[in-house]
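Me: Could you take me on a close look at one part of this fold, starting from a single side chain and working outwards? I'm happy with detail, as long as you explain the terms on the way.

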Amino acid sequence: MTERSEAGTRTVRVRRVGRSALLLEVGSDGEVAALHAELMRCQSEGLLGRVDEIVPAARTVLLDGVAQPELVAGEFEGRRLEPLTAGHGPVVQVPTVYDGADLAEVAGLWRVSVAEAVRIHAGCEYRVAFCGFAPGFAYLTGLPEQYAVPRHATPRTRVPAGSVALAGPYTGVYPGASPGGWQLIGRTELPLWDPDRDPAALLTPGTRVRFLAVEPKGAEPKAGEPGAGEPTAGEPGAGR
């Protein structure tokens, strides 16, 4: 088990995995985020030697293809982790239509109205903790723990691509159509996985994410919203 330091943070425990890999264990997803950021910093500054892959998970970070495993293990074994400061890392905005099949159920679990559930979810800043399940599927942390929701007991056989969903403490966006048991609260047209893009995944570990509530395409803007009451192209008065 990872040990707790006098300062209240957990220290890193390092395990060897074969001849050229290391598994670094910590105690929470927040500590994984801090450890991942520190590893990426060290790699960018050439302090780790050759490391082919740095792969975070829920409570661990795997280093694969490590040229000097003894050196890296010695640097990180027992290290205390400082929490990440707010605003650390790039940010991606995800325009989201909040009309998911489970949105009302989620609002009920939270004991709020549907409109308030949308406000809560869109009002948080998220961070990609790790990726898995399918290419481009990112597990996002940032939703306060009181809003964790259970998965469906029976998964859907098909969840549409772009579905914004919740399960446990995580938010996720399905990059492609697939089976899934998460609670569907909305949808986005943002392409999350593109093999012709580098990197192919839009949401990579450490990326900050904000969900921007938008109206469905073709919907009339509500009173008070930008564009409400203004002529559109082709209408009398448009283009003035």
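Reply: H36 is in contact with I54, P56, P205 and G206, once its neighbours within four places in sequence are left aside; contact here means heavy atoms within 4.5 Å. The model is a predicted one, where local features need pLDDT of at least 70, side-chain atom pairs count only at pLDDT 80 or more, and totals for chains, interfaces and linings use all residues. Residues are numbered from 1 along each chain as its sequence is written, and side-chain values use heavy atoms, with hydrogens and water left out.

H36 belongs to helix α1; helices (H or I, at least four residues) and strands (E, at least two) are DSSP runs, numbered from the N terminus. With a relative accessibility of 9%, H36 counts as buried, a word that stands for under 20% relative accessible area, with exposed over 50% and partly exposed in between (1.4 Å probe, protein chains only).

Now for the surroundings of that helix. Helix α1 spans residues 29-44 and lies across β2 (21-25), β3 and β4, running at about 165° to β3. For such angles, axes are lines fitted to C-alpha atoms, for helices over the stretch in contact, and the angles run from 0 to 180 degrees between N-to-C directions.

The strands under discussion belong to an open sheet of four, ordered β1-β2-β4-β3, with antiparallel pairing; two strands pair if DSSP finds at least two bridges between them. β1 (13-17) and β3 (51-56) stand at the edges with a single partner strand each, so one side of each has no neighbour in the sheet. On average, neighbouring strands of this sheet are turned by 20° against each other, direction ignored.

At one edge, β3 runs antiparallel to strand β4 (residues 60-66), and five bridges join the two. V55 has L62 in β4 as its bridge partner. At the other edge, β1 and β2 are likewise antiparallel and joined by five bridges, with R13 standing opposite E25 in β2. β1 and β2 form a hairpin with three residues between the strands, where G18 takes a positive phi near 70°.

The loop between α1 and β3 holds G49. This glycine is partly exposed, at 36% relative accessible area. G49 and Q68 are 19 residues apart in sequence, while their C-alpha atoms are 6.7 Å apart in space.

One residue links α1 to another part of the chain. T141 lies in strand β7 (residues 138-141) and is buried, with a relative accessible area of 18%. Beyond its neighbours within four places in sequence, T141 is in contact with D29, E125, Y126, R127, A129 and Y170. Of these partners, D29 falls in helix α1 (residues 29-44), and E125 falls in β6 (125-131).

That strand also helps cover a helix. What covers the buried residues of α4 includes α3, β6, β9, β10 (170-173), β12 and β13, and those buried residues are A117, V118, I120, H121 and A122.

How do α3 and α4 meet? The axes of helix α3 (residues 103-110) and helix α4 (residues 114-122) come within 9 Å and cross at roughly 85°. The two are therefore roughly perpendicular to each other; the cut-offs are under 35 degrees for roughly parallel, over 145 for roughly antiparallel, 65 to 115 for roughly perpendicular, and oblique for the rest. From α3, L103, A104, A107 and W110 meet V114, A117, V118 and I120 in α4. The residues of this contact divide into eight nonpolar, no polar and no charged (Ala, Val, Leu, Ile, Met, Phe, Trp, Tyr, Cys and Pro count as nonpolar, Asp, Glu, Lys and Arg as charged, and the others, Gly among them, as polar).

In α3, L103, V106, A107 and W110 are buried. They cover an arc of only 100° around the axis, which puts them on the same side of α3; the arc is that of the directions from the helix axis to the C-beta atoms. Their cover includes α4, β9 (163-167) and β12 (183-187). Just after α3, R111 takes a positive phi of about 60°.

To place all this in the whole, the protein chain has four helices and 13 strands, and buried residues make up 40% of its 240 residues.
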